[in-house]
Amino acid sequence: MLGGYAGKVLWVDLGKGASWCEPVSERDALTWIGGSGLAAVTVYRRVGPETGPLSPGNVLAFFTGPLTGTPVPSSGRHSVAGKSPLTGLWGEASVGGHWGRELKRAGYDGLVLTGASPEPVYLWISGDRVEIRGAASLWGLDTYDTEAAVRQLTHPRAQVCCIGPAGERLTPIAGLFTDGREGRAAGRCGLGAVAGAKKVKAVAVLGGQDPPLAGRELLQPVVREAAASVRARTKGLADFGTAGLVIPCERLGDFPVRNWSLGSWEDGAQKISGPRLAETVLAGRFHCAACPVGCGRRVAVDRGPYAGVRGGGPEYETLGLFGGSCLIDDLEAICYANELCNRYGIDTIEAGNLVAFSMEAFEKGIIGPEDTGGLILAWGDPLVLVSLVTQMGTGEGFGAVLAQGFPYLVRKYGEPAAALAMAVKGLGMPSHDPRAYNSLAVGYATANRGACHLEAFSHVFERALAMPELGVEAPLDPFAVEGKGVLTARAQNLMSAVDSLAVCKFLLLGGVGVGDLARWLTLATGTEFGPDDLLRCGERVFNLKRLFNVRCGVRRKDDTLPRRILEQKRGSGGAADNLPPLSPMLDEYYAFRGWSIDGVPSRSRLSELGLGEFVP
Amino acid sequence: MPFPVSMPSIWTTMLTIEVNLLPPLAFPGGEARRLLELPEPAPVGRLLEVLHQAGALGGYDVSDLLVMVGDRVAARTDLLEAREMVRVLVLMTGG
């Protein structure tokens with residue numbers, strides 16, 4: 001087997017109560033790398049358009065990458081994938097923390113769950129020992145308490161991935177959580193509900209061996225130098241975490257304000273910013289495995305109505321959607337709502353969008369007090385946020401209705417609600433506005449999981465970052481149109497490779513380039529990878545996910561954006577007048593990808609990528 | 001009271017601009033806003049040098065910073081004009 005890989009994947013059929021290992025073939029490793037790529041091919045081969053996301057036929061695939069568990073900086077991530085119960089399409093979430101590294105150290109490149117258990121269970125994986133244990137005593141616990149309880153039942157150093165009560169109730173905005181109180185979330189796409197449908201409360205892993213590396217002696221000094229460089233170039237993230245993005249993003253018009261209807265919220269942004277968080281509720285910081293940056297924040301609220309908050313603090317995305325989008329400038333309330341989401345096991349991006357949507361729908365009379373149980377959904381009211389998030393978690397009241405997600409709400413409330421639903425393919429928008437970066441418009445429209453800034457991450461090349469290997473010699477004009485389709489496709493290819501390596505994209509902000517990643521992969525595996533090989537792998541992975549969606553009926557009609565983003569200017573701030581012209585950028589994108597005008601990958605392009613066996 | 005940042009000579013025209021440093025940046029006294037006098041012509045890059053010399057950049061490198069004049073992002077070579085309101089902030093991206 002190539003260096004860097006454990007060489008096998010653990011499969012668990014929960015319906016039969018059986019587990020077995022399947023080898024990772026060298027061919028699959030070279031074709032899909034790992035992480036997101038191996039997850040994609042695993043899910044594609046098992047899950048068809050007829051498979052219900054909550055049926056036993058769906059799979060839940062966890063995959064590390066060949067750099068996981070190595071000294072490579074920020075290599076502690078893993079991907080979780082399956083068919084999304086929220087969108088009915090490709091579902092994936094990438095997460096940091098320590099669970100992925102531990103799975104690798106236990107001797108597995110991945111874990112695939114199939115079938116469904118009749119009773120609640122948790123998995124205990126320690127080397128070759130794989131146990132499916134009853135979880136009746138855990139069912140109903142929140143994620144923080146679940147981690148503590150599972151560690152008591154297994155090992156104090158076990159790493160635990162689990163769902164909260166929201167996942168148990170099959171809520172389509174539920175995620176999977178690791179690292180206990182630090183609350184690392186594979187939040188997007190409702191994959192926590194897939195675990196809930198399989199009756200899997202938690203997966204505890206404990207490993208003991210680092211993966212074999214082909215060139216450990218050569219790799220170590222190279223990555224040590226890279227880690228120092230990354231640390232030096234990501235001072236802002238180290239100082240303030242992703243919360244440090246709030247002020248610049250608000251000023252640049254990249255921040256959601258009042259359900260994405262306004263352009264500026266300067267005073268409010270300062271009240272919930274990274275520096276304010278550092279002055280008020282910061283209790284410490286934490287790192288994911290092998291990370292030189294340490295962008296995680298611990299917060300503690302000691303006084304007032306939200307006293308008792310202790311754990312991972314709100315990330316930028318959470319601050320944008322609970323804060324700006326709901327006009328809530330009470331940082332302690334946001335910390336509290338964030339902790340509720342972490343404990344119940346809910347995606348904060350989805351929850352924030354849904355609360356902002358409900359505030360505007362209430363204002364416009366689409367919903368009223370008769371729908372909300374008398375709750376007045378006023379903009380800026382932190383109690384509304386806290387109440388609705390609590391209801392989302394407990395499955396009660398109007399919050400439980402909201403927690404069914406945008407596709408359900410649009411069906412329930414019709415066209416007036418559709419105009420306020422800030423989602424793509426059913427997935428709520430993260431806190432970055434495509435009106436501030438034209439490439440984000442193409443990226444959101446074409447991302448396989450729905451509205452996602454991470455599948456392309458291209459906006460970083462429109463303001464801050466150059467990368468000649470992608471054809472970006474200097475940061476681009478965010479409002480330029482020509483070339484943005486190509487940029488987005490190239491960036492998606494790179495990010496698909498990054499997600500398949502299962503390393504953190506913040507490495508790129510630290511000056512790591514495609515050539516560095518290829519060299520690290522070469523030294524880890526002992527097989528020569530060049531930058532073009534890596535990008536080609538990424539392109540292959542992205543296209544396979546597209547094929548998954550095409551098989552589910554996705555076409556150009558679905559590659560679009562909320563009407564508000566296409567037609568309504570922000571009106572003030574750094575992106576006051578820009579509306580992204582999606583159609584010509586999409587034409588350019590499809591042409592570059594070798595897709596038809598309707599967004600279907602061509603047979604010839606698929607063959608060039610070695611995807612001939614997947615041609616529909 | 002304008003904050004003098006250089007000694008004007010008899011043939012140099014000075015212009016006054018209002019500078020707003022957004023957190024975590026702040027002037028050494030902790031304040032966020034000051035009126036600064038700069039000799040004309042005053043490119044943005046010169047302003048950043050002045051702020052750096054004044055110890056207002058909190059350990060951040062000049063290359064980490066973003067300058068906005070009104071709602072417009074200014075290039076390092078853009079010339080500032082009298083009485084303009086200039087915001088300086090740490091450019092973070094990604095997230």
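Me: Where in chain B does Pro41(B) lie?

Reply: Pro41(B) is placed in the loop between β3 and α1 (44-53) of chain B, and this, like everything that follows, is read from a predicted model. The bond joining Glu40(B) and Pro41(B) is a cis peptide bond, with an omega of about -5°. A second cis peptide bond joins Pro23(B) and Pro24(B), where omega is about 10°, and Pro24(B) belongs to the loop between β2 (14-21) and β3 (33-39) of chain B. Such bonds are worth pointing out because most peptide bonds are trans.

Me: What makes Phe457(A) worth a remark as a residue that is not a glycine?

Reply: Phe457(A) has a positive phi, of about 55°, and the residue is found in the loop between α20 (438-446) and α21 (484-501) of chain A. The sign is notable because most residues other than glycine have a negative phi.

Me: Why is the pair Lys235(A) and Asp239(A) called a salt bridge?

Reply: The term asks for a side-chain nitrogen of Lys or Arg within 4 Å of a carboxyl oxygen of Asp or Glu. Lys235(A) and Asp239(A) meet with 2.8 Å from N to O, which is within the 4 Å limit, and therefore the pair qualifies. Both residues belong to helix α8 of chain A, where they stand 4 residues apart, or about one turn of the helix. Over all chains, the rule counts 41 salt bridges.

Me: How do you know that Glu266(A) and Arg87(B) pass the salt-bridge rule?

Reply: Arg87(B) supplies the nitrogen and Glu266(A) the carboxyl oxygen, and with 2.9 Å between N and O the pair is within 4 Å, so it counts as a salt bridge. The interface of chain B and chain A has 2 salt bridges by this rule.

Me: How much area is buried between chain B and chain A?

Reply: The two chains bury about 1,900 Å² between them, with carbon and sulfur atoms giving 67% of that area. On the chain B side, Met92(B), Thr93(B) and Gly95(B) lose the most area to chain A, and together they make up 35% of what that side buries. The contact itself takes in 30 residues of chain A and 19 residues of chain B.

Me: What makes the largest pocket one that lies between domains?

Reply: Domain 2 (235-420) and domain 3 (438-614) of chain A both give residues to the lining of the largest pocket, and so the pocket lies between them. The space in this pocket is about 680 Å³. Its lining has 25 residues, and those closest to the centre are Ala464(A), Ser63(B), Asp64(B), Leu65(B) and Leu91(B). Among the elements, α8(A) gives the largest share of that lining, with 3 residues.

Me: How many residues of domain 2 and of domain 3 of chain A are in contact?

Reply: In this contact, 21 residues of domain 2 of chain A meet 14 residues of domain 3 of chain A. These two domains bury about 1,400 Å² between them, 48% of it on carbon and sulfur atoms, while their centres, taken over C-alpha atoms, are separated by 27 Å. The rule finds 2 salt bridges across the interface of domain 2 and domain 3 of chain A. Separately, the side chains of Glu415(A) and Arg563(A) come to 2.5 Å from N to O, which is within 4 Å and therefore makes this pair a salt bridge as well.

Me: What kinds of residue line the second largest cavity?

Reply: Its lining has 10 nonpolar residues, 1 polar residue and no charged residues. Among those lining it are Phe240(A), Ile247(A), Pro23(B), Pro24(B) and Met92(B), and Gly244(A), also in the lining, is the polar one, because Gly is placed in the polar class. The space in this cavity is about 70 Å³, and since the search asks for 30 Å³ or more and a cavity is a space from which a 1.4 Å probe cannot get out, both conditions are met. The whole structure has 4 cavities found in this search.

Note on methods: Residues are numbered from 1 along each chain as its sequence is written. Chains are lettered from A and ligands numbered from 1 in the order in which they are written. This is a predicted model: local features need pLDDT of at least 70, side-chain atom pairs count only at pLDDT 80 or more; totals for chains, interfaces and linings use all residues. Side-chain values use heavy atoms; hydrogens and water are left out. On a 1 Å grid over the protein atoms alone, a cavity is a set of points where a 1.4 Å probe fits but cannot get out, and a pocket is an open set with protein on both sides within 12 Å along at least five of seven lines; lining residues have an atom within 4 Å of a point. Grid points are joined across faces, edges and corners, and a volume is the space filled by probe spheres set on the points. Helices (H or I, at least four residues) and strands (E, at least two) are DSSP runs, numbered from the N terminus. Domain bounds come from an automatic or database domain assignment. Contact means heavy atoms within 4.5 Å. Buried area is the accessible area (1.4 Å probe) that two parts lose on being put together, summed over both.
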